[in-house]
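Subject: Handover of a structure

Dear colleague,

Please find below the structure that I am handing over to you. My account of what was found in it follows directly after.

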Amino acid sequence: MRFTRRVASPALLSCLFLAGCSSVPLGTSDPSAPSASGAPGGAGSIAVGAGPQKKYTVQQQPAAGSCHYRYEKGEPLEDSRCTPGAISPAVTQTNLKSTICRKGGYTSGVRPSTYITGKEKKLNAASYGFTGNMRDAEYDHLISLQLGGDPNDYRNLWVEPADPGHKKGSGVNNAKDPVETKLHTAVCAGKVTLAQAQQAIVTDWTTALTKLGLS
């Protein structure tokens, strides 16, 4: 009996390499998963991660050198194939008051430890080919925790380089952070929906406020 050797596609090999990946190619979301608005996948849908965990584990990252930064007026943006964003199923439009908008804070209770994120940051720096000062680079949640981003899904985390003109060695200070805070304030005030804020920052954080009329 003759056997035919079948070769796996590059997309499948990439998928097998990445933690938490099923049969969905890198940079896409499972069409059966809910979108940021809670509807089935489709245009504009964002992948749904595992959500907050009692014990986090180090997540595998895209292959070294496979991710490439984009730039908008000098500001670094993520590679949307490697870092398309992922939301937490624990945060929805209907439970904002008890999650991201509750008094006393939400993010500290769901954030992975630096022991976990420190290891992931080094791996992700290799994914993006980042060779700058690691102390000036932020291991950033593309959809921030205060906007319901998944805490430790590799699709929602990337090594964000320092802004243009940043003084080397002065630590993390990114222009994306105040954008996230303004979006959070707008969501909690009912000016925009959670899904609108998540989609805007996934598309381009440098234009998110303008697109939502918040600038």
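The protein contains 4 aromatic pairs, and the model in which they were counted is a predicted one. One of these pairs is formed by Tyr128 and Trp158, whose ring centres lie 6.4 Å apart. The angle between the two planes is 50°, and the pair is classed as tilted. Tyr128 belongs to helix H2 and Trp158 to strand E6 (residues 157–160), so this pair ties together parts that are 30 residues apart in sequence. Both Tyr128 and Trp158 are buried. The two residues also belong to one aromatic cluster, in which Tyr69 and Tyr71 take part as well.

As to the general architecture, the protein has 5 helices and 6 strands. Read from the N terminus, the order of these elements is α-β-β-β-β-α-β-β-α-α-α. The protein comprises 215 residues, of which 45% are buried. Among the contacts with a separation of 6 or more, 71% are between residues 24 or more positions apart. The accessible surface amounts to about 11600 Å², and carbon and sulfur atoms account for 55% of that area.

I turn next to the cysteines. A disulfide is a covalent bond between the sulfur atoms of two cysteines. The count in this protein comes to 2 disulfides.

One disulfide links Cys67 with Cys82, at a sulfur-to-sulfur distance of 2.2 Å. The angle about its S-S bond is -100°, and the link of Cys67 and Cys82 is left-handed. Cys67 is found in the loop between strand E1 (47–48) and strand E2 (70–72), while Cys82 is found in the loop between strand E3 (75–77) and strand E4 (86–87); the pair therefore ties together parts that are 15 residues apart in sequence. Are these two cysteines buried or exposed? Cys67 has a relative accessible area of 2% and therefore counts as buried. Cys82, with a relative accessible area of 1%, is buried too.

The other disulfide joins Cys101 and Cys188, with the sulfur atoms 2.0 Å apart. The link of Cys101 and Cys188 is also left-handed, with an angle of -90° about the S-S bond. Cys101 sits in the loop between E4 and helix H2 (114–128) and Cys188 in helix H3, so that parts 87 residues apart in sequence are tied together by this pair. Cys101 counts as partly exposed because its relative accessibility is 24%. Cys188 likewise counts as partly exposed, at 35% relative accessibility.

The charged side chains deserve a paragraph of their own. The structure holds 5 salt bridges, and three examples follow.

Lys176 and Asp140 meet through their side chains in a salt bridge with an N to O distance of 2.8 Å. This pair links distant parts of the chain, 36 residues apart, with Lys176 in helix H3 (residues 176–188) and Asp140 in strand E5 (residues 138–141). Lys176 has a relative accessibility of 0% and so counts as buried. Asp140 is buried as well, at 2% relative accessibility.

Arg155 and Asp153 form another salt bridge, in which the closest N and O atoms are 2.7 Å apart. Both partners are buried: Arg155 has a relative accessibility of 15%, and Asp153 has a relative accessible area of 9%. Elsewhere, salt bridges that share partners join Asp140, Lys176 and Glu180 into one network.

A further salt bridge brings together the side chains of Asp79 and Arg81, at 2.9 Å from N to O. Asp79 counts as buried, at 6% relative accessibility, whereas Arg81 counts as partly exposed, at 41%.

Finally, I would draw your attention to helix H4, which spans residues 194–203. How many of its 10 residues are buried? The number is 7, and the helix is accordingly described as mostly covered. The buried residues of H4 are Leu194, Ala195, Ala197, Gln198, Ala200, Ile201 and Val202. They pack against E4, H3 and helix H5 (208–211).

Yours sincerely,

A colleague

Notes
Residues numbered from 1 in each chain as written. Predicted model: local features only at pLDDT ≥ 70, side-chain atom pairs only at ≥ 80, totals over all residues. Heavy atoms only, no water. Salt bridge = Lys/Arg side-chain N within 4 Å of Asp/Glu carboxyl O. Buried < 20%, exposed > 50% of the residue type's maximum accessible area, 1.4 Å probe, protein only. Helix = DSSP H or I, 4+ residues; strand = E, 2+ residues; numbered from the N terminus. Disulfide = S-S within 2.5 Å. Contact = heavy atoms within 4.5 Å. Areas by Shrake-Rupley, 256 points an atom, 1.4 Å probe, with all protein chains shown as cover. Phe/Tyr/Trp six-rings, centres within 6.5 Å; stacked < 30°, edge-to-face > 60°.
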